[in-house]
Amino acid sequence: MAPNPQLDDNGKLCHLLTIEGLNAALIHSILDTAESFVGVNEREVKKVPLLRGKAIFNLFFEPSTRTRTTFEIAAKRLSADVVNLNIGASSQSKGETLLDTVDNLAAMGADMFIVRHSESGAAHFIARHVAPHIRVINAGDGRHAHPTQGLLDVFTIRRYKKDFSRLAIAIVGDIMHSRVARSEIHALTALGVPDLRVVGPRTLLPQGVEELGVRVYHDMEQGLKDVDVVMMLRLQNERMRGPLLPSAGEYFKHYGLTPAKLKRAKPDAIVMHPGPLNRGVEIDSAVADGPQAVILPQVTYGIAVRMAVMTLLAGSST
Amino acid sequence: MKIHIKNARIIDPASGLDKVEDIAIAAGRILALGATPPDFNANRVIDATGLVACPGLVDLSARLREPGFEYKATLESELLAAVAGGVTTLVCPPDTDPPLDEPGLVEMLKYRARSLNLARVYPLGALTQKLAGERLAEMAVLRDAGCIAFSQADAPLSDTQVLLRALEYAATFDIPVWLRPQDAHLSRDGVAHDGAVATRLGLRAIPACAETVALATILLLVRATGARVHLCRLSSREAVDMVRRARHDGLPVTCDVSINHLHLCDEDIGWFDANCRLVPPLRSPQDRAALRAGLGDGTIDALCSDHTPVDDDAKQRPFGEAEPGATGLELLLPLTLRWAQETGLPLKDALARVTSLPARILGVDHGRLAPGLPADLCLFDPAGKTPVDARLLRSQGRNTPFLGQSLPGRVRLTLVEGHVVFEQPART
């Protein structure tokens with residue numbers, strides 16, 4: 001296969017497009033850098049001058065509030081200038097090509113693009129075409145990857161569970177349409193998690209998913225047995241085409257995380273969810289708000305992880 | 001114009017000839033293979049020592065993009081590409097704009113192609129009006145206007161009753177129908193083969209059963225109607241097995257595979273290489289192996305370029321948004337030679353898949369070399385190389401998964417009806 005386009009000739013990260021192909025050392029170095037930023041959130045002046053003078057463009061071709069905001073906060077805390085663009089509502093709807101849009105924004109002096117797009121591979125496409133000094137971070141492309149979410153998830157796990165080499169982890173739900181799941185799988189396999197499972201009905205599990213390094217379960221009770229971490233996924237209704245599920249009710253009955261099903265996991269298992277939550281569809285409120293849920297810490301850590309990625313990429317500018 | 005080609009290794013798959021001999025050409029036809037008549041005074045003598053002379057290639061699928069898509073390609077650009085690739089006869093699918101569903105359009109296309117004096121063009125007519133899959137096109141009238149067979153190209157035909165009626169009607173006139181088996185519902189929205197690669201890259205998937213379900217329907221309807229059907233662009237292992245069984249049972253079906261599917265698989269998509277966005281999708285390495293075996297053992301009759309020129313703007317997009325298709329006319333011969341090299345197949349047998357066998361499917365008198373036949377001929381250097389360089393391609397479509405590669409063989413001279421339509425000096 002062609003060399004990983006996000007790594008330079010020395011194996012250094014020059015874009016963040018996917019977690020696929022990143023080794024454990026590189027992932028840990030990002031997480032270590034993120035640790036140093038966690039404290040910034042607790043300071044009175046929540047700002048460091050690391051990216052002063054840099055122009056970061058949030059290019060969101062697909063609606064998002066949460067992810068765009070966390071990238072924006074991360075960039076501002078690094079003292080960068082941030083421009084938010086909701087492209088779906090402007091140039092693209094007037095017929096401009098993606099490449100023309102990107103070229104125009106590059107001509108406005110961008111140093112970094114944070115890209116979200118509904119098409120898998122869009123961030124790779126942009127990274128292939130931008131000038132060498134511009135860095136690209138994939139903020140979610142189609143069903144393919146959401147690498148900063150994957151990184152913040154493993155950052156969260158590392159904070160609670162320490163040693164990846166002893167963990168059993170279940171990712172539950174709509175794997176088919178989930179870029180988060182793919183990024184989590186790549187991150188967790190790279191970090192050496194020995195027992196990684198995906199749980200869901202056959203309509204939501206893509207062909208050959210085992211080749212990514214996971215074991216497949218269709219029975220949630222079996223899939224959760226003795227796991228240390230339960231990672232719930234949102235049903236990606238907006239990306240579903242065709243009849244994949246009979247009803248939200250039937251889905252919840254078999255794959256919704258309830259206190260009873262959670263009992264199958266280890267007593268100290270943590271429950272994660274990338275948000276936004278669909279209560280009563282994939283997760284019961286008693287679990288989402290319960291003591292094992294680490295859903296809000298995930299959000300907090302997301303800012304530190306994004307600060308770390310931006311800093312590392314800006315530092316690799318040519 | 002009389003041409004004397006000396007010392008060529010003449011390979012004619014139709015007759016089994018593979019011998020170093022001379023060829024005498026006069027009045028657009030082959031006068032003699034071997035001993036030249038004593039009174040033959042050629043206007044031009046070509047020393048073909050070290051070169052292979054084979055029948056001009058017959059390509060079962062090359063989109064010329066006219067009318068309607070002249071910004072992607074023109075008849076002239078693509079027919080120049082054809083002869084540069086040694087292709088002297090080609091079939092163009094009806095998915096132009098408007099589609100080839102009116103005699104006037106077909107006549108105009110044939111007239112314009114003929115006036116360029118390059119490769120021969122055989123149009124496929126639209127099977128249904130506007131390729132909409134609802135009402136039958138005027139097949140008999142279109143046949144009289146020059147359509148060699150009828151096809152839906154890549155337009156979905158989801159109504160099985162329309163397909164049944166189309167086959168019955170075509171069978172009435174003994175007109176062949178060319179179909180690419182693909183279930184419109186099972187392939188809806190998909191952009192890549194349903195397998196580990198699409199899963200890894202998060203690409204919307206097309207299962208192999210989108211092909212086999214449609215193929216099963218077609219084969220059952222062939223059995224019911226007796227229509228002659230040519231199956232286009234097979235892509236899956238199971239489809240090859242199904243065709244093998246159908247032919248064993250005596251069904252009147254033939255089939256082809258494209259150069260892309262013969263040499264590539266879904267793993268070649270790598271990191272979203274839009275040049276690998278093709279229809280049907282590139283399938284698994286196991287599927288590719290079955291296609292290669294099927295072409296080798298004769299289950300698959302012909303190899304075609306599936307030439308589909310796409311403009312750069314339509315390709316310069318994320319994988320799923322990029323327009324499918326790749327240029328291929330200039331790569332058909334080199335990729336046939338590569339396949340022969342890789343499999344150890346005799347050159348004569350490999351060349352049959354791009355000359356005599358596709359000509360037999362068309363029912364035309366091309367694709368072979370014999371005294372009295374039109375002198376459609378390709379002279380190539382088997383030791384030469386064809387660099388796949390976007391700047392060197394004659395086709396207006398410059399996208400192909402093979403860009404940057406150096407392929408075996410180099411076309412040196414192409415003749416259509418005794419006229420030199422392409423020539424280039426020796427170079428490696």
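Visitor: Where is Pro276(A) found?
Guide: Pro276(A) sits in the loop between strand E9 (270-272) and helix H10 (285-288) of chain A. Helices (H or I, at least four residues) and strands (E, at least two) are DSSP runs, numbered from the N terminus.

Visitor: What kind of peptide bond joins Gly275(A) and Pro276(A)?
Guide: A cis one, with omega about -10 degrees.

Visitor: Hang on, what sort of model is this?
Guide: It's a predicted model, where local features need pLDDT of at least 70, side-chain atom pairs count only at pLDDT 80 or more, and totals for chains, interfaces and linings use all residues. Residues are numbered from 1 along each chain as its sequence is written, chains are lettered from A and ligands numbered from 1 in the order in which they are written, and side-chain values use heavy atoms, leaving out hydrogens and water.

Visitor: OK, over to chain B. What's the bond from Val279(B) to Pro280(B) like?
Guide: That peptide bond is cis, with omega near -10 degrees. Pro280(B) lies in the loop between helix H8 (259-263) and helix H9 (285-297) of chain B.

Visitor: New topic: how many bridges join E1 and E2 of chain A?
Guide: There are 6 between strand E1 (residues 55-60) and strand E2 (residues 81-86), and the two run parallel. Strands count as paired if DSSP finds at least two bridges between them.

Visitor: And what stands opposite Phe57(A)?
Guide: Val83(A), over in E2(A). To get from E1(A) to E2(A), the chain passes through helix H2 (residues 66-77), in a right-handed β-α-β crossover (clockwise from the first strand over the helix to the second, with the strands pointing away from the viewer).

Visitor: Anything in the loop after H2?
Guide: Ser79(A) lies in the loop between H2 and E2 of chain A. Its phi is near 70 degrees, a positive value in a residue other than glycine.

Visitor: Which side chain does Glu72(A) meet in a salt bridge?
Guide: Lys76(A)'s, at 2.8 Å, N to O. A salt bridge here is a side-chain nitrogen of Lys or Arg within 4 Å of a carboxyl oxygen of Asp or Glu.

Visitor: How far apart are Glu72(A) and Lys76(A) in the helix?
Guide: They're 4 residues apart in H2 of chain A, so about one helical turn separates them.

Visitor: How many salt bridges does the structure hold?
Guide: 40, over all chains.
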